[in-house]
Amino acid sequence: MRQHWKLNSLLMEILIAVLFFALCSGVVLNTMVASRTQSIRAGEVTAMLSEVQSLADQLYIADDRTALLLEKGFAAQESGGYLLEGESGSLSVTLREEDAETGVLRLADIHAVTASGEAIDFTSTRFVPEEVR
């Protein structure tokens, strides 16, 4: 009878160890999936941020900003802005100009939304002195 009790306790101990390792592996797997999802999202945001910065630089140096946007594939919107839809997300640009005493302040408001729904807002500003215009 005593040997039967030792065998049962050994089986119970092994069963508890297996359950403990199964629980731990479930937690580790869940953490790894969450990490992968966060990594994918961060990659999308980084790619979109690079695209926004590149567009802002191009708008800064362009003499005809409207022609540049149309050349890059942006579609003119009724609201006066420009929209570009892509697989990685969408970019919308609103162009503005503000007159100052000594020149013109050219503004480009860029709004980007990644495929996962993350949003980036960026404003490109360039002051053009009056003697340059």
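Two strands count as paired here if DSSP finds at least two bridges between them, and the strands themselves (E, at least two residues), like the helices (H or I, at least four residues), are DSSP runs numbered from the N terminus. This is a predicted model, so local features need pLDDT of at least 70 and side-chain atom pairs count only at pLDDT 80 or more, while totals for chains, interfaces and linings use all residues. Residues are numbered from 1 along each chain as its sequence is written, and side-chain values use heavy atoms, with hydrogens and water left out.

**View 1. The open sheet, strand by strand.** Five strands make up an open sheet in the order E1-E2-E3-E4-E5, with antiparallel pairing. Its edge strands are E1 (75-76) and E5, each of which pairs on one side only. Along the sequence the pattern reads α-α-β-β-β-β-β, which adds up to two helices and five strands.

**View 2. Where E3 meets E4.** Strand E3 (residues 89-100) runs antiparallel to E4, and twelve bridges hold the pairing on record. Look for Asp 99, which sits opposite Val 104 in E4.

**View 3. The E4-E5 hairpin.** Strand E4 (residues 103-114) and strand E5 (residues 119-129) pair in the antiparallel sense over eleven bridges. One of the bridge partnerships joins Asp 109 to Thr 123 in E5. Four residues lie between the strands of this hairpin, and Gly 117 has a positive phi near 100°.

**View 4. Zooming in on Ser 90.** This serine, Ser 90, belongs to strand E3. Is Ser 90 buried or exposed? Ser 90 counts as buried because its relative accessibility is 16%; the cut-offs are under 20% relative accessible area for buried, over 50% for exposed and partly exposed in between (1.4 Å probe, protein chains only). Leaving aside residues up to four places away in sequence, Ser 90 touches Met 48, Leu 83, Leu 84, Glu 85, His 111, Ala 112 and Val 113, a contact being heavy atoms within 4.5 Å.

**View 5. Stepping back to the whole chain.** The C-alpha trace spans about 105 × 25 × 20 Å along its principal axes. Its radius of gyration is 29 Å, where a compact globule of 133 residues would have one near 14 Å; the radius is taken over C-alpha atoms, and the globule rule is 2.2 Å times the number of residues to the power 0.38. Of the 133 residues, 20% count as buried.
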